[in-house]
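Here is a short briefing on one protein structure. Please look over the sequence and the model first.

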Amino acid sequence: MAVLVPQPTQVVGHYYDKDGNPVDGGLRVARKVNAYPSVTTISSAVKNYGIETYKREMFGLSLLTLERKPEESDVDFIERANVDSEEHSKTAMEKGTHIHSLWESLDTISLAELDPLDTERVQILQTWKEENILKIEKSEQVVVSTKHGFAGRFDTLCRMKDGTRSGTRTLLDLKTMNPKSGKMKPYESHLLQLSAYRLGLGEDVACGNLLFNSSDKPNIVFHKWDRAEVEEATPAFLGLLAYWQWSNNYYPNKN
């Protein structure tokens, strides 16, 4: 059984109750109310190499750009560089959340209220939406899989233009990036996440990532995952879910 609940962009939960409402607190609180772990919580059981690579790059950049203080020890300098890199990561996350809010608000946003960069971002997003999406069926909704024991919030379920009257039903997930080369490509973790949402929905829909360059030179790349790739990722997520439940001795779908 799948439960769908609309959620505003700023509501992000690590656990959700059976009705799809976010639960404040960690695993200890979740056990008390039999809450379901989110897809991102489950995915954190393994390394996200995209995120890990980004963090290493930010740490290396901090080491290269920070000015060494007089008589500062190696340990103190490394710690200061680590704090600086974490600030960069936090800023990147906030920028990603901001661009997500622009995507969600495309139909109501006023360009007159935006700065030049956000105006360009919105225009790029609006143009892509008009050219590629026939109809948005659901957006920013939590899906709860009571069968498998997990939950997660997806960005968009839409019908994409394919030359037919009905369009292709597609789970669309927006990801922000700032690639040094300018070329954007999705990570395997993106596919894992989409396959989980598709499994939770219990519907045979296509899956795609909308990759958005969050730099001061924004652009969009759409990546549609092949059906075979999605079907291969689904048991991988289920295996990860089984590991997470076993390692935490927590099976909300069996309680």
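The lining of the second largest pocket holds 3 nonpolar, 2 polar and 5 charged residues. The model behind this briefing is predicted. One lining residue, T156, also leads from the pocket to the nonpolar core, through its contact with L171.

**The second largest pocket**

- This pocket encloses about 150 Å³ of space.
- Its lining consists of W103, E104, L106, D107, K129, I136, S139, E140, D155 and T156.
- Three elements each supply at least two lining residues: α4 (74-104), β4 (133-145) and β5.
- Among the elements, β4 gives the most to the lining, with 3 residues.

**T156, a residue of the lining**

- T156 sits in strand β5, which spans residues 150-160.
- Is T156 buried or exposed? Its relative accessible area is 1%, so T156 is buried, the cut-off being under 20%.
- Beyond its neighbours within four places in sequence, T156 is in contact with W103, I136, K138, S139, T170, L171 and L172.
- With W103, the contact includes a polar one: the two side chains meet at 3.2 Å.
- T156 and L171 are 15 residues apart in sequence, yet their C-alpha atoms are 5.9 Å apart in space.

**L171 and the nonpolar cores**

- The largest nonpolar core has 28 residues.
- Which of them touch the most other members? They are Y15, I42, F150, F154, L171 and F237.
- The elements giving two or more residues to this core are α1 (27-33), α2 (39-43), β5, α6 (188-201) and α7 (227-248).
- A second core is separate and has 15 residues, including M160, L174, L210 and I220.
- Leaving out residues up to four places away in sequence, L171 touches F154, T156 and L157. Its other contacts on that count are L194, Y197, R198, L201, V205, A206, C207 and G208.
- F154 thus appears twice here: as a contact of L171, and with L171 among the core residues that touch the most other members.

**D118 in helix α5**

- Where is D118 placed? D118 belongs to helix α5, which covers residues 116-132.
- D118 counts as buried because its relative accessibility is 7%, and buried means under 20%.
- Setting aside residues up to four places away in sequence, D118 touches H98 and L102.

Definitions and conventions: Residues numbered from 1 in each chain as written. Predicted model: local features only at pLDDT ≥ 70, side-chain atom pairs only at ≥ 80, totals over all residues. Heavy atoms only, no water. Helix = DSSP H or I, 4+ residues; strand = E, 2+ residues; numbered from the N terminus. Buried < 20%, exposed > 50% of the residue type's maximum accessible area, 1.4 Å probe, protein only. Contact = heavy atoms within 4.5 Å. Polar contact = N/O pair within 3.5 Å; in protein donor to acceptor, adjacent residues only side chain to side chain. Core = buried A, V, L, I, M, F, W, Y, C linked by side-chain atoms within 4.5 Å. 1 Å grid on protein atoms, 1.4 Å probe; cavity = no way out; pocket = protein on both sides within 12 Å on 5 of 7 lines; lining within 4 Å. Points joined across faces, edges and corners; volume = space filled by probe spheres on them. Nonpolar A, V, L, I, M, F, W, Y, C, P; charged D, E, K, R; others polar.
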